[in-house]
Amino acid sequence: MGYVILMLSRAVSIVHSINLLHFELLQALCVCSVAGQGELHWDGMPRIPGMGLGSVVSHLCHAGYPTGQPQGGFAPHRALSLLGHLFRCLGGRRFRCVPPADGREGGSGAAAMKRRRGAAAERDCPWVWAAQNRGLVERWQEARRAAPGAAAWRQLRGGFGELLMMMRGLPATLPTLPLELTVLYNSLLFTMEASDSAMEGQEGIRQGLLRVLEACGACGQDLSSEELWQKVLQEVTVAELQAPLHQLGALQAAWWLSTGRLESVTGLLRLLSNAEDLGITHWSKVENELLSLLKAWQVPAEGDSLPLIQSTRDLKEILCTSAAFLQGLQEFEAGNFPTARSLLQEAAGGFCTRKVLAQIYTCLGCCAQRMGKPQTALQHLKQALQVDFQCLPALSHVAAVYHELGETDVELQALALLYEALEKNPPAAASSSPYFLIRTELLVHTPVLDSLLRHRHPSEVKYLLAQRCLQHGRVADAVEHYLDFLALFQEGLQQQVALDVSSAVPRIPEVFLEAASALEQAERYQDAITVCEEVIIRTTGLIPRLLLLEERLGQPECPPPQAGLAGGLLAQKKESLSCLAWRAAGYLHQGWMRGKLGEVKEAVTQFSRCLRELLQVQLYGPGVEPTENLLPEVEVLQKIRLLALIGRGTQFLELGNHKKALLDFQHGLQVSPGDPAAASYLVQALWNLDRKQEAAAQWQKLSQRPPKEDGQQEGQGRPVPLYLVSCLKQAVFPHSDDLARSIQNYLGSTTQDSSS
């Protein structure tokens, strides 16, 4: 008879989905459990031959199960076809169960039938529902071992949803609520595992609490979620409901934790744990109380008759780990690194997967790095890689720590290993068949965590390799890495290059210019000239003929209403300045490289083109000296102008045109007063023009500077772009013993003449 009821209950769920006489069929199901060999009849219709109870069950069995056995797999479309035929015969009339003729029902008449219907519904519906819940849990356990795809997950989720819908078709009663809340818990586990169902899950918890109040004769439609929980836990004291309510409370805590509502989680745990005085509970934030409450929370024992997809005890342990992890990340973001480290260590000792443990160790490493403890940071990052070598963000942070320590060899090894790992094993997607539906990675997802665990693109790592090699003078390796990087563009594979805001890769013209600088230092001058020409061509037409710009930032503390429009115009001008800087830098590099090739006149031409490009910008405002309020783009343009003037002046010296050289060096000192290279070349030009007194006076000024003043002068202001570093090196005045000796002799003879 249990098998009969199970078959008809499956039919109920199908009929319910199409809104066909659900309540009447459910009543008939309950009556069938005591009807024995009775027949189903409908008011106002004659008996249908062959449609006795046994025949109906037989048809349902053979229609729903192709093999005729429950183990064969249920085919709902066949049962639905049969039920459709039955209801077409019904014509919307009510039906009833007629006892057999020999009166084995134990009574007769409408009153006896009504009593039996009520008794059957009260006794047998929970049994059927419990059997279905147990069957779905067993299917989940089998599916978890087989690691199925998303389709099996959706089927199980739909099965629990249909069962819950069937149970909610009847009024809520205290005897059936433990089962209903258990089914709700199992259903919501699948709902929460689906990231797009957050609102659906929250509403499911609310409806469950309202059903509890309904069974107790109370209501709470107008209450918030926090107030609803407080009312339920205050007014419901039935012992059988304590375990289901704690299960539902664990889910609610998980939902609030995933949205960062730590105050609400703390208040709920106070309600669940403080059975002595629930009335004084209030919803306020106590920082470390959350972990204390979670650890002290006594989860009621779970009965074997109501199996769960995921035990509440396991969920409690996951909540402890997630709460510590989340609070640690919040303290990290706030800059409270010692507190963050303590909380992250608490999370590392909790219940989590190897993947999450590696992420926690990575965050601990970043925290130690911020605290100025690089060796401790390396220990934590190595722990992360030992736990899960696929945690590639940890390897990226290892390279960053070695960069801070100045250990270039180890840093480059780490970056090379990271690039190789990314090429072979790109970041994998999350598993679609987890052991637990509620996991730490579903509850902890914050922007700071995304930032710390960001997976670098292979092209980004390739650029970092090239940049580090160029910065540390490993020219041959830098050239190789830069050419590999630029090949992505030449082959039309721009989508392979990471260009998002958080990427370490700068603007592409800058990468081209850095590559040209590396080629220049490798003495591949023609290749470098070709790369610079590519930058010049691509920036043609992007620069206006005349660009008026205020020299200083001059941003008011209280911007006017039209500040948005002004900000947009400023952004456009800054973009034009960047394009102008790249184009001028291309000519600048070509000028220096033509000089290296001995093409002096061509070098002068390229330096002149660079200076002519810079004339398109006209600055206005107080003062012309570089200050901290100067726009970064303007500062770069001034540095390029200085280098172009020095470069052209040196070529004029090579040509013997000392007057033009002198003018360029003087203009260079106007652009950057006190620049040691321009001042030294100025002395050389004056001496060559036989203006020895002026040359000696300038030389004395240079000699009287403190020993490290030149280095300090070069270090002032913002860092120079990497693509200009090689030009700065070439602009340095070469030390000349002959010039220094000649000036000293001149000063000595002048002193003797004046003394005599």
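**Reading the labels in this predicted model**

Q: What makes the pairing of the side chains of Arg 648 and Asp 664 a salt bridge?
A: A salt bridge needs a side-chain nitrogen of Lys or Arg within 4 Å of a carboxyl oxygen of Asp or Glu. The side chains of Arg 648 and Asp 664 meet at 2.9 Å, N to O, so the pair fits the definition. It links distant parts of the chain: Arg 648 sits in helix α27 (residues 632-655) and Asp 664 in helix α28 (residues 658-671), 16 residues apart. Helices here are DSSP runs of H or I with at least four residues, strands are runs of E with at least two, and both are numbered from the N terminus.

A word on the ground rules. This is a predicted model, in which local features need pLDDT of at least 70 and side-chain atom pairs count only at pLDDT 80 or more, while totals for chains, interfaces and linings use all residues. Residues are numbered from 1 along each chain as its sequence is written, and side-chain values use heavy atoms, with hydrogens and water left out.

Q: Why can side chains of opposite charge pair?
A: They can do this when their charged atoms come close. The structure holds 22 salt bridges, and Arg 168, Glu 180 and Arg 211 are linked in a network of them.

Q: How do you know whether Arg 439 is buried or exposed?
A: Buried means under 20% relative accessible area, exposed means over 50%, and partly exposed is in between (1.4 Å probe, protein chains only). Arg 439 has 11% relative accessibility, so it counts as buried. Glu 441, its salt-bridge partner at 3.4 Å, N to O, has 29% and therefore counts as partly exposed.

Q: Which label does Asp 690 get, buried or exposed?
A: Its relative accessible area is 56%, so Asp 690 is exposed. Lys 692, which meets Asp 690 in a salt bridge (3.8 Å, N to O), has 32% relative accessibility and is therefore called partly exposed.

Q: Why does Ser 680 count as buried?
A: Ser 680 has 15% relative accessibility, so it counts as buried. Ser 680 lies in helix α29 (residues 676-688). Leaving aside residues up to four places away in sequence, Ser 680 touches Leu 702 and Phe 733, where contact means heavy atoms within 4.5 Å.

Q: How do you know that the span of helix α26 agrees with what it should be?
A: The expected span is 1.5 Å times one less than the number of residues. Helix α26 (residues 600-614) has 15 residues, so it should span 21 Å, and its end C-alpha atoms are 21 Å apart, which agrees. Its buried residues include Val 600, Phe 607 and Leu 614.

Q: What makes a set of residues a nonpolar core?
A: The members are buried Ala, Val, Leu, Ile, Met, Phe, Trp, Tyr and Cys residues, joined through side-chain atoms within 4.5 Å. The largest such core here has 200 residues, and Tyr 482 is among those with the most contacts inside it. Not counting residues up to four places away in sequence, Tyr 482 touches residues including Tyr 463, Val 511 and Leu 722.

Q: How many helices and strands does the protein have?
A: There are 33 helices and four strands. Of the 756 residues, 49% count as buried.
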